[in-house]
Amino acid sequence: MVPQILALDFDGVCCDGLHEYFETSRRTYARVWPADPVPAAAHFAAFAALRPVILSGWEMPVLLRAIARGAPRDRILGDWERVRDEQMAGGSLAVPALITRLGRTLDAVRREWIARDESGWLDLHAPYGSLEDLRRLVAEPARAVLVTTKEGEFARLVLGRWDVRFADIQGKETGVHKCENLRALIATWAEAHGRRPRLAFVEDRLETLRHVTTHPDLDDVALYLAAWGYNTEAARASAAADPRIRLLTLAQFGGGSATWPGDGPRGGP
């Protein structure tokens, strides 16, 4: 059954921006740690392989710092939070201030890059699957909404290049957890239609989906883990064994929500 509201994550679900993430992280690294050598382009393969550990964008330059300093890949995958905190300790800035600086510098680097070479920046973003499939998918429900931790302004530029039209784009600037985005979508629909909507949410972070499952008021939201996104084999296996979360392949995603596995979203008729 096609959902009435389809909520999609951006990075790792709609967009593969690994090359942009890497270059933006290198430029941010050069500003935040100017005394260190800028990580080499040869680190891209390790960065791509380890990208699934990232929960927030500000962590990407820290991941690059760990790679450049020789942190073992297995340790990064298995104990990322400890590795991350080690890489951030001992500098001139306290960790909270460093986190703020990393986030602001990442956004500033992107804005400057776009102002200077918007086309070149856009070229480093690729859709998963075909744009025709993505356009058709977001046209199926009454409302298709992008829910992302990226700044909405950056997602809008990419989607504009692709001519993919969402009813709304809710980015980092909303300042809320994705559970709150889902609640707001449900509440707005219920107020207008007198019933809860059938809502499906596609995300590539298993931790985010697991967090949704801890909220009983979101029990009727259909949850899908994007198997093609920034997650690990272990995360995909865990999702496949979870009765509340469905593992979604890229072929199923592009084929349309009516064909997706499971019982589909519950809610109003």
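A pocket is here an open set of grid points with protein on both sides within 12 Å along at least five of seven lines. The model in which such pockets were sought is predicted.

**Pockets**

The second largest pocket has a volume of about 360 Å³. It is lined by 18 residues, and Pro 52, Val 53, Leu 77, Arg 205 and Glu 207 are the closest to its centre. Two or more lining residues come from each of the helices α4 (73–78), α5 (80–88), α10 and α11 (233–240). Of these elements, α10 gives the most to this lining, with 3 residues.

The largest pocket holds about 730 Å³ of space. Its lining consists of 33 residues, and those nearest its centre are Leu 55, Ser 56, Gly 57, Thr 149 and Lys 150. Three helices, α6 (95–123), α9 (178–193) and α10 (206–213), each supply at least two residues of this lining. The greatest contribution is that of α6, with 5 residues. Helix α10 thus appears in the lining of the largest pocket and also in that of the second largest.

The residue classes of the two linings are set out below.

| Pocket | Nonpolar | Polar | Charged |
|---|---|---|---|
| Largest pocket | 9 nonpolar residues | 11 polar residues | 13 charged residues |
| Second largest pocket | 9 nonpolar residues | 3 polar residues | 6 charged residues |

**Strand β4 and its partners**

Strand β4 spans residues 143–147, and 4 of its 5 residues are buried, that is, they have under 20% relative accessible area. The strand is accordingly described as mostly covered.

Which strands pair with β4? One partner is strand β1 (residues 5–8), which runs parallel to β4 and is joined to it by 4 bridges. Within this pairing, Ala 7 stands opposite Val 145 of β4. Another partner is strand β5 (residues 168–170), which pairs with β4 in the parallel sense over 3 bridges. Here Val 147 stands opposite Gln 170 of β5. Between β4 and β5 the chain passes through helix α8 (residues 152–162), and the resulting β-α-β crossover is right-handed.

In sequence, β4 covers residues 143–147 and helix α8 covers residues 152–162. Thr 149 and Lys 150 are among the residues that lie nearest the centre of the largest pocket.

How values were computed: Residues numbered from 1 in each chain as written. Predicted model: local features only at pLDDT ≥ 70, side-chain atom pairs only at ≥ 80, totals over all residues. Heavy atoms only, no water. Buried < 20%, exposed > 50% of the residue type's maximum accessible area, 1.4 Å probe, protein only. Pairing = 2+ DSSP bridges. Right-handed = clockwise from strand over helix to strand, strands pointing away. 1 Å grid on protein atoms, 1.4 Å probe; cavity = no way out; pocket = protein on both sides within 12 Å on 5 of 7 lines; lining within 4 Å. Points joined across faces, edges and corners; volume = space filled by probe spheres on them. Nonpolar A, V, L, I, M, F, W, Y, C, P; charged D, E, K, R; others polar.
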